[in-house]
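Q: I have a model open and would like to learn to read its features one at a time. Could you walk me through it?

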Amino acid sequence: MFIFEAKRIITVIVGAFLNAASLNFFLIKANVYASGFTGAAQLVSSVFKDFIGIGVSTGILLLLFNIPVALLGWYKVGKGFTFYSILSVIFTSIFLAVLPVTAMSEDIILNAVFGGVIAGTGVGMTLKVGASTGGMDIVAMVLSRMKDRPIGTYFLTLNAIIIAMAGILYEPENALYTLLTLYVTTRVIDAIHTRHEKVTAMIITHKADELQQEIHKTMVRGITILPAKGAYTKSDKNMLYLVVTRYELYDLERIINEIDPNAFTNIVQTTGIFGFFRRD
């Protein structure tokens, strides 16, 4: 347990560093914007500096934007998930303040692409250990539960606002480069983890009862246990079939490794569910 939690904290910190590096080294100087609350903080910081003449750190704004969201997540999403998300936001803000804001390249396309790759790597790593970079992840989860709509709808709405404002306040090209960054970021996240809200896990194991008990200690998810038989060994096994959110994948992996390291697990995308699925 300690090793898993230490790995989770270290990964969250590394992900925060990568998020800050993508902004300070590539995106900020090029007026190209990241996704979610990070992009919103970056855009507001640019507006204060370019139109009002007041320098406000992107890291400070990111922290301020996430305070009400953290409170919302604490009561509506879950304390464990929110704690690691807050940790990610705090370290991102620290790294944004510590790392110098500089241009690694004068080519705006290179800045957009490499900024998107590095940001996507940071976000993907953070999601992979059952946390998030805060902000829109938490808001979208809460709204998705209230309205029962796909979580991607809310990501798309906020990012569309950021793209539109980038085009209105600056050059229209900035909006296109921002769109390129968002596309690259999403593709990298998909490669490292998943942007799908729900996934289906099929676990082939000799220890179905032990796994079922341990999973139910950690998360409230329905599990169907089916008989299975190895085609080569002809040994009798069981398959646990369950649907979880992407944020529960890390805990599920931890449980499987602790109870039955020899289990075979297949994770597939779940595009929709009919019937009861616990949302709180």
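A: Happily; what follows goes through helices, buried residues, a cavity and backbone angles. Keep in mind that this is a predicted model.

Q: Let's begin with helix length. What span should the 19 residues of helix α3 have at 1.5 Å a residue?
A: The idea is to compare an expected span with the distance between the end C-alpha atoms. Helix α3 covers residues 58–76, so it should span 27 Å, and its end C-alpha atoms are 27 Å apart, which agrees.

Q: How do α2 and α8 come out in that comparison?
A: The 17 residues of α2 should span 24 Å, and its end C-alpha atoms are 23 Å apart, which agrees. For α8, with 21 residues, the reach from first C-alpha to last is 31 Å, close to the 30 Å expected at 1.5 Å a residue.

Q: Where does α3 bend?
A: For a bend, look at how the helix axis changes direction at a residue. In α3 the bend is about 35° and sits at I67, with a proline, P68, following within four residues.

Q: Now the ends of the helix. Which residue caps the N-terminal end of α3?
A: For a cap, look for a side chain that reaches a backbone atom at the helix end. Here the cap is S57: one of its side-chain oxygens lies 3.1 Å from the backbone nitrogen of G59. Just after α3, at the other side, G78 takes a positive phi of about 150°.

Q: Which residues of α3 are buried?
A: T58, G59, L61, L62, N66, V69, A70 and G73 are the buried ones. You can read α2 in the same manner: its buried residues include G36, F37, T38, G39 and Q42. In α8, N174, Y177, T181, L182 and T185 are among the buried residues.

Q: Is I189 buried or exposed?
A: The number to look at is the relative accessible area, and buried means under 20%. I189 has a value of 0%, so it is buried. This residue lies in helix α8, which runs over residues 172–192.

Q: What does S22 touch, leaving out residues up to four places away in sequence?
A: A contact list shows what packs around a residue. S22 touches L27, G115, I118 and A119. Its place is in helix α1, residues 2–30, and S22 is buried because its relative accessible area is 1%.

Q: And S88, with which residues is it in contact?
A: Leaving aside neighbours within four places in sequence, S88 is in contact with V12, A16, T126, S132 and T133. S88 lies in helix α4 and, with a relative accessible area of 0%, is buried.

Q: What about a loop residue: is A34 buried or exposed?
A: A34 is buried, with a relative accessible area of 9%. A34 is found in the loop between α1 and α2. Beyond four places in sequence, its contacts are L23, L27, G39, Q42, I162 and L182.

Q: How far apart are the C-alpha atoms of A34 and T185?
A: Here you set separation along the chain beside distance in space. A34 and T185 are 151 residues apart along the chain, and their C-alpha atoms are separated by 8.4 Å. For I189 and I255, 66 residues apart along the chain, the C-alpha atoms are separated by 24 Å.

Q: How many cavities of 30 Å³ or more does a search of the whole structure find?
A: Rolling a probe the size of a water molecule over the atoms shows where empty space is left. The search finds two cavities of that size, and the largest has a volume of about 290 Å³.

Q: Which residues lie nearest the centre of the largest cavity?
A: They are S35, G36, T38, V123 and T133, out of 25 lining residues. The elements giving two or more residues to that lining are α1, α2, α3, α4, α5, α6 and α8. The largest share, four residues, comes from α1.

Q: Last, phi. Which value does N31 take?
A: Most residues other than glycine have a negative phi. N31 has a positive phi, near 55°, and is not a glycine; its place is in the loop between α1 and α2. K234 also has a positive phi, about 65°, without being a glycine. K234 lies in the loop between β2 and β3, and is exposed, with a relative accessible area of 55%. Just after α2, a glycine, G53, takes a positive phi of about 80°.

Notes. Residues numbered from 1 in each chain as written. Predicted model: local features only at pLDDT ≥ 70, side-chain atom pairs only at ≥ 80, totals over all residues. Heavy atoms only, no water. Buried < 20%, exposed > 50% of the residue type's maximum accessible area, 1.4 Å probe, protein only. Contact = heavy atoms within 4.5 Å. Expected span 1.5 Å × (residues − 1). Bend = angle between axes of the 7 residues up to and from the residue. Polar contact = N/O pair within 3.5 Å; in protein donor to acceptor, adjacent residues only side chain to side chain. 1 Å grid on protein atoms, 1.4 Å probe; cavity = no way out; pocket = protein on both sides within 12 Å on 5 of 7 lines; lining within 4 Å. Points joined across faces, edges and corners; volume = space filled by probe spheres on them.
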